[in-house]
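Trainee: I should like to study the side-chain contacts of a protein model. May we go through them one by one?

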Amino acid sequence: MIWKKSEFPGVRFYEHDDRRHGVKKDRNYYIRYKCQGKTYEEPVGWSSQGNTARSVYDLLAELKRNQKAGIPPFTLAEKREQAEAEQIMTKEARRLERIEQERMQITLLQFFEADYLPSVEGSCSPETVRKAREHVKNWLAPALENTPLPTIASTHLEKVRQALLKSGKSARTMQYVFATFRAIWNLALERGIVSGRNPVKGVKLPVVDNMRQRYLKSHEADALIEALNKRSPVTRHMALISLHTGMRFKEIAELTWGAVDLDRRQVNIIRTKGKKARTVHMTEEILRLLSSLQKGHDGDLIFPSNTGERIGKVSKTFDQVVNELGLNEGITDPKARFTFHCLRHTHASWLIENGVQLYLVQKQLGHSTPVVTQRYAHVSDQQLAEATLAFERGLERKQAGKVIPLRTAVNQ
């Protein structure tokens, strides 16, 4: 290999005997220079790759200017590393741009099936997942069609609302459908698919009045518990616990032996509707009931299904017994009909009737705010009305010359 000098200082080359660039031998150019006291001699490339003595010299001049200005790259190796890094960054930028484009095009249905369902199938009940599928299939997907999820606005959701109204769906159903959309959007927001305020907030939904006023009198409750015991002891036990503690059906169905402290007469409710644990105390009857059952391991359900799983819904036996006792006879208003949840209302109402303050009832039931508990104020209002009537009767007797203590009048 014979080195030859070019007409430019610091640039030299050698010619390849066999490699050609046109009719001439191909030249491989090198640059020679100093940087920080060290001599560098680095190959630039072949003339067949587009290099000339002039272009190679320009490259060398650029490196020397960088050294003088103190701005990298100072060497050809550094310049190549910089170029590779820029190339990588360009590829990454293109990849992110492609991902962004795909993100902007994903539809609600695509995100629901690919991301949302896998995230909830292990944490939510099968019934919740089934309803979510139903809401998307019947209402959300048809109305939103191929609208990309990130571009969905309140105006798009108005089409969903109109479709529900046109089909005559109840206010509660509408609330459930939009609750499903809200959950999907929130997960997409968490994963960076969408941004900004949830568009559901811009849709005017009907107010749902699901406040049940129905609760049992003492003799009705006794009859119900006795009838359930003859038909289904497990249903009877669950109903009795709700009646004596105010626990929801789901809370009772998920109750494990590890949550029960028979010595302290306490039940620790971990998984609640409001996601705040609370403790309820046992009555003597509940203590006897739980003590009579065969205790399992801490993680074992107290009331498992026939397959050993959690009981998913109230037994049909409960509704059958309610109908047989005539507790819903002549009642057409759904809010007035007696259901398992009314046992919880009955417990709260009995507490109020016995003088327990609303604040304590709130803690017993696990309400997050006193507003929900306020529904039971009608019971205390009724007591006040009865007390007022008793007071009037006492005044009437006093005017008639019969002085009767107010306490006695109230009890009459």
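Trainee: What is the relative accessible area of Glu127, and is Glu127 buried or exposed, or partly exposed?

Mentor: This is a predicted model, in which local features need pLDDT of at least 70 and side-chain atom pairs count only at pLDDT 80 or more, while totals for chains, interfaces and linings use all residues. Residues are numbered from 1 along each chain as its sequence is written, and side-chain values use heavy atoms, with hydrogens and water left out. Buried means under 20% relative accessible area, exposed over 50%, and partly exposed in between, with a 1.4 Å probe and protein chains only. Glu127 is therefore partly exposed, its relative accessible area being 39%.

Trainee: With which residue do the side-chain atoms of Glu127 meet in a salt bridge?

Mentor: A salt bridge is a side-chain nitrogen of Lys or Arg within 4 Å of a carboxyl oxygen of Asp or Glu. Helices (H or I, at least four residues) and strands (E, at least two) are DSSP runs, numbered from the N terminus. The partner lies 3 residues away in helix α4 (residues 126-144), which means a separation of about one helical turn. At 2.7 Å, N to O, the partner of Glu127 is Arg130.

Trainee: How many salt bridges does the structure hold, and which residue forms one with Lys79?

Mentor: The structure holds 21 salt bridges. In one of them, the closest N and O atoms are 3.0 Å apart, and the partner of Lys79 is Glu62.

Trainee: Why does the pair of Lys79 and Glu62 tie together separate parts, and how many residues apart are they in sequence?

Mentor: Lys79 is partly exposed at 26%, and Glu62 is partly exposed at 25%. Lys79 belongs to helix α2 (residues 76-105) and Glu62 to helix α1 (residues 53-69), so the parts that they tie together are apart in sequence by 17 residues.

Trainee: Which residue meets Asp115 in a salt bridge?

Mentor: Asp115 is partly exposed at 22% relative accessibility, and its partner is partly exposed at 41%. The N to O distance is 3.1 Å, and the partner of Asp115 is Arg191.

Trainee: How many aromatic pairs are found, and what is the arrangement of Trp3 and Tyr14?

Mentor: Rings of Phe, Tyr and Trp (its six-membered ring) pair if their centres lie within 6.5 Å; planes under 30 degrees apart count as stacked, over 60 as edge-to-face and the rest as tilted. A search of the whole structure finds 12 aromatic pairs. The ring centres of Trp3 and Tyr14 are 5.4 Å apart with planes at 85 degrees, so the arrangement is edge-to-face.

Trainee: Is Tyr14 buried or exposed?

Mentor: Trp3, at 30% relative accessibility, counts as partly exposed. Tyr14 has a relative accessible area of 13%, so Tyr14 is buried.

Trainee: Which residues form one aromatic cluster with Trp3 and Tyr14?

Mentor: The cluster has two further members. One of its rings also carries a charge: the charged end of Arg19 sits over the ring of Trp46, 4.2 Å from its centre, where such a contact needs NZ of Lys or CZ of Arg within 6 Å of the ring centre and within 35 degrees of the ring normal. Beside Trp3 and Tyr14, the cluster holds Tyr30 and Trp46.

Trainee: Over the face of which residue does Arg172 lie?

Mentor: Here too an Arg lies over a ring. At 5.1 Å from the ring centre, the residue beneath Arg172 is Tyr176.
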